[in-house]
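This report goes through a protein model, from single residues to the chain as a whole. Please keep the sequence and the structure in view while reading.

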Amino acid sequence: MALSEAQRLFYETNGYLVIREALSGDALATVKAAAERAENRWREDKSLPGGRSEFLEVVQAPIEYEDALLDLLWHPGIFPLVRELIGEDVQMIDNDFFITPPHTPKSHAHWHHDVTVEGIYHPRSTVMVKVFFLLSDVNPNSGGTAMIPGSHRFPMDFSLPTGDPRETPGAIQMTGKAGDAYLFNGRVYHAAVNNDSDRYRRVLIYNYGHFWMKMWPGYEPSDKVKAKASTRVQKQLLGIGDAYQTSLRGEP
């Protein structure tokens, strides 16, 4: 699967892409069941890493819990797009399962972007790409992530309003059905929006960067997970291999 001309133009202009029904039918049911098992295990064992608060619950590194959640890292309908945007040296940087409770009292993150590397001018580079897989229907009322299209081109010192992200001029909210996915450049300004609905919002997040970048501490794959990588590209995604490697060009 490759980016279409329309997708590439839209991404370069806006900094994000939406892929409807990236997961559907049995595939969606399998991932939702795996995520539910991971969440239950995480709730039962308070020693497992993540975040626990009244406005956001985070199951850290869900790829450690279920094979179906690991497989999303190299999903055949999404990962090729990420690889095309970042380049052949793509690697996983972190992965999370975000659970936003109903009627959250406040946002866990205001306007921000995910890439701050001193000495590198980011707006003309794709340093990170983040993928969200929706596991529940998301509408503006249920806390769809706010983004500012085109903000991956903003200068590093750009100043944004501090009020409700939904009221920021030019901002949009990423809504969709369970099974939809969207990806965006790590330089795009985005913000968490309160979940005002009566339902939990659940989303799996996979963040990709370059092989020369370090994974976020605490997200380094276990030996058990590394052993499940069966191709050279999958191994590279999990941090296995030589830095600046270029011999994977064209490999699946």
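Is His210 buried or exposed? His210 is buried, its relative accessible area being 11%. Buried here stands for under 20% relative accessible area, exposed for over 50%, and partly exposed for what lies in between, with a 1.4 Å probe and protein chains only.

This is a predicted model, in which local features need pLDDT of at least 70 and side-chain atom pairs count only at pLDDT 80 or more, while totals for chains, interfaces and linings use all residues. Residues are numbered from 1 along each chain as its sequence is written, and side-chain values use heavy atoms, with hydrogens and water left out.

**Overall form**

The secondary structure consists of six helices and 10 strands. Helices (H or I, at least four residues) and strands (E, at least two) are DSSP runs, numbered from the N terminus. Along the principal axes, the C-alpha atoms fill a box of roughly 45 × 45 × 35 Å. The radius of gyration is 17 Å, which agrees with the value near 18 Å for a compact globule of 252 residues. That radius is taken over C-alpha atoms, and the globule rule is 2.2 Å times the number of residues to the power 0.38.

Of the 252 residues, 53% count as buried. A contact requires heavy atoms within 4.5 Å. Among contacts with a separation of 6 or more, 84% are between residues 24 or more positions apart. The accessible surface comes to about 11,800 Å², and carbon and sulfur atoms account for 51% of this area. Accessible areas come from the Shrake-Rupley method with a 1.4 Å probe; for residues, only the protein chains shown count as cover.

**Three buried polar residues in strands**

His210 belongs to strand β10 (residues 201–210). Leaving out neighbours within four places in sequence, His210 is in contact with Ile86, Asp89, Gln91, Ile93, Thr126 and Val127.

Lys130 is part of strand β5 (residues 129–134) and counts as buried at 13% relative accessibility. Its contacts, again without neighbours within four places in sequence, are Asp114, Tyr182, Leu183, Phe184, Ile205, Tyr206 and Asn207. The C-alpha atom of Lys130 is 9.3 Å from that of Asn95, and these two residues are 35 residues apart along the chain.

Gln60 is in strand β3, where it is buried with 15% relative accessibility. Residues up to four places away in sequence aside, Gln60 touches Pro49, Gly50, Tyr65, Asn95, Asp96, Gly218 and Tyr219.

**Charges and salt bridges**

There are 26 positive and 32 negative side chains, and the centres of the two sets lie 1 Å apart. Lys and Arg count as positive and Asp and Glu as negative, without His and the chain ends; the place of a charge is NZ of Lys, CZ of Arg, CG of Asp or CD of Glu.

Side chains of opposite charge can pair when their charged atoms come close. A salt bridge is a side-chain nitrogen of Lys or Arg within 4 Å of a carboxyl oxygen of Asp or Glu. The whole structure holds 11 salt bridges, including the three tabulated here.

| Salt bridge | N to O separation |
|---|---|
| Arg37 and Glu66 | 2.9 Å |
| Arg83 and Glu88 | 2.7 Å |
| Arg166 and Asp164 | 3.2 Å |

Arg37 and Glu66 form a salt bridge that links distant parts of the chain, 29 residues apart: Arg37 is in helix α2 (residues 25–44), and Glu66 is in the loop between β3 (57–60) and α3 (67–71). Arg37 is partly exposed at 45% relative accessible area, whereas Glu66 counts as buried at 18%.

In the pair of Arg83 and Glu88, Arg83 is buried with a relative accessible area of 12%, and Glu88 is partly exposed at 23%. Arg166 and Asp164 are joined by a salt bridge; Arg166 is partly exposed at 33%, and Asp164 is partly exposed at 28%. Elsewhere, Glu39, Arg43, Glu57 and Arg202 are joined into one network by salt bridges that share partners.

**Positive phi angles in loops**

Which phi value does Ala61 have? Phi of Ala61 is near 55°, a positive value in a residue other than glycine. Ala61 lies in the loop between β3 and α3 and is buried at 7% relative accessibility.

Glu21, also not a glycine, has a positive phi of about 50°. Glu21 is located in the loop between β1 (16–19) and α2, and it is exposed, with a relative accessible area of 60%.
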